[in-house]
Amino acid sequence: MQKQYDVTALGELLIDFTENGKSAQGNALLEANPGGAPCNVLAMLEKLGKNTAFVGKVGNDQFGRLLKETIESVGIDSGNLVIDEEVNTTLAFVHTYPDGDRDFSFYRNPGADMMLKKTEIEPSVIKNTKIFHFGTLSFTHEGVKEASEFAVKCAKDSGARISFDPNLRDPLWKSLEDAKKAMAFGFENCDILKISDNELQFFTGEKDFDKAAAMIQEEYKIPLICVTLGSEGSRAYYKDKRVCAEPFLQEKTIETTGAGDTFTGCMLNFILEKGLDDLTDEDLKDMLTFANAGAALITTRRGALKVMPEKEEIIQEILTSKTAAWK
């Protein structure tokens with residue numbers, strides 16, 4: 001059966017308030033950037049010509065309306081975005097350090113994204129997708145956790161591939177043991193795992209990334225694991241293969257918000273086009289290289305959802321890097 005959507009994602013949709021200079025009085029100026037990891041991933045996929053849908057919840061407030069308009073403007077189907085009449089849209093305040101790394105403060109007690117209910121999930125949209133993508137932020141509270149587990153079951157029952165990115169945010173968990181349980185649920189149910197170096201260490205307690213990835217691969221039998229290593233590039237673990245790709249370091253890096261999501265969008269695009277059954281070392285290298293280049297470009301821009309790179313920009317970044325290396 002032909003499926004309507006290439007990728008459907010469930011999770012948080014929020015406003016990232018990011019620092020953008022200082023006022024005449026010396027106060028920090030904050031820019032309201034539409035964000036949330038799942039929709040960042042979908043926005044990148046839309047740039048690459050894929051058809052996407054989002055399942056989530058925002059408040060009936062100015063930020064919720066802005067987010068709905070924003071995801072529609074980049075092409076994401078918003079038909080399953082629920083509007084909460086009582087709880088406000090979730091907000092995140094992002095502090096950026098000199099090296100581009102970030103620290104988050106969330107206004108989410110409660111926030112609309114965590115109020116999504118199982119009864120508000122429309123199974124047909126999830127069953128009508130090739131890949132279903134989710135993370136752990138939709139497991140921090142019982143109601144949205146139940147909704148998320150139901151959505152994953154719908155996706156698996158329909159034969160969709162399952163993509164998982166933990167996207168761990170420590171401040172949102174009452175207990176980090178609960179965070180580990182949510183990660184384990186994702187590992188148990190996914191076919192494609194994107195995980196960062198710090199998340200890998202957090203879950204396994206192992207500092208050697210190869211050993212840590214092998215532990216997860218052995219226990220959970222995940223076909224494809226991609227580990228992002230920040231300024232060290234990325235690695236893919238597939239069957240008995242281990243492939244590495246170099247980073248595309250940027251002189252004009254502003255912040256790293258959305259870098260992992262851009263990587264994930266590029267990775268899922270590759271899987272949609274190549275499949276997941278018989279990838280070669282060259283395939284994996286090409287996938288990681290393209291994803292690394294896309295992730296590098298987003299670090300030169302404020303926010304992510306509205307400013308994802310074009311396919312041509314990513315290709316040019318790769319070609320420019322190869323030319324520089326040759327010289």
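In this predicted model, K194 of strand β10 has C226 as its bridge partner in strand β11. That pair is one part of a wider pairing: β10 and β11, the latter covering residues 224-228, run in the parallel sense and are joined over 5 bridges.

On another strand, β10 has a second partner. Strand β9, residues 161-164, is parallel to β10 and joined to it by 2 bridges. Here S163 is the residue of β9 whose bridge partner in β10 is I192. Between β9 and β10 the chain passes through helix α5, residues 176-189, and the resulting β-α-β crossover is right-handed.

Strand β10 itself spans residues 192-196 and is mostly covered, with 5 of its 5 residues buried. Its side chains point two ways: I192, K194 and S196 to one side, L193 and I195 to the other, and all are buried. K194, the bridge partner of C226, is thus among the residues of β10 that are buried.

The nonpolar residues come next. In soluble globular proteins, nonpolar side chains tend to be buried together. In this model the largest nonpolar core has 52 residues, and L13, L224, I271 and M287 have the most contacts inside it. Helix α9, residues 281-298, supplies the largest share of this core, with 10 residues. M287 can serve as a way into its surroundings: leaving aside neighbours within four places in sequence, M287 is in contact with L224, C226, A236, M267, F270 and I271. Two of these contacts, L224 and I271, are also named among the residues with the most contacts inside the core. Another core lies apart from this one; it has 45 residues, including V125, F139, V152 and F187.

The cysteines remain. How many disulfides does a search of the whole structure find? The search finds 0. For C39, the closest cysteine sulfur is in C266, and at 16 Å it is too far for a bond, because a disulfide needs the two sulfur atoms within 2.5 Å. C39 is also buried, at 0% relative accessibility. For C266, the closest cysteine sulfur is that of C226, 11 Å away, which is likewise too far for a bond. C266 has a relative accessible area of 2% and so counts as buried. C226 has already appeared in two other places, as the bridge partner of K194 and as a contact of M287.

Key. Residues numbered from 1 in each chain as written. Predicted model: local features only at pLDDT ≥ 70, side-chain atom pairs only at ≥ 80, totals over all residues. Heavy atoms only, no water. Core = buried A, V, L, I, M, F, W, Y, C linked by side-chain atoms within 4.5 Å. Buried < 20%, exposed > 50% of the residue type's maximum accessible area, 1.4 Å probe, protein only. Helix = DSSP H or I, 4+ residues; strand = E, 2+ residues; numbered from the N terminus. Contact = heavy atoms within 4.5 Å. Pairing = 2+ DSSP bridges. Right-handed = clockwise from strand over helix to strand, strands pointing away.
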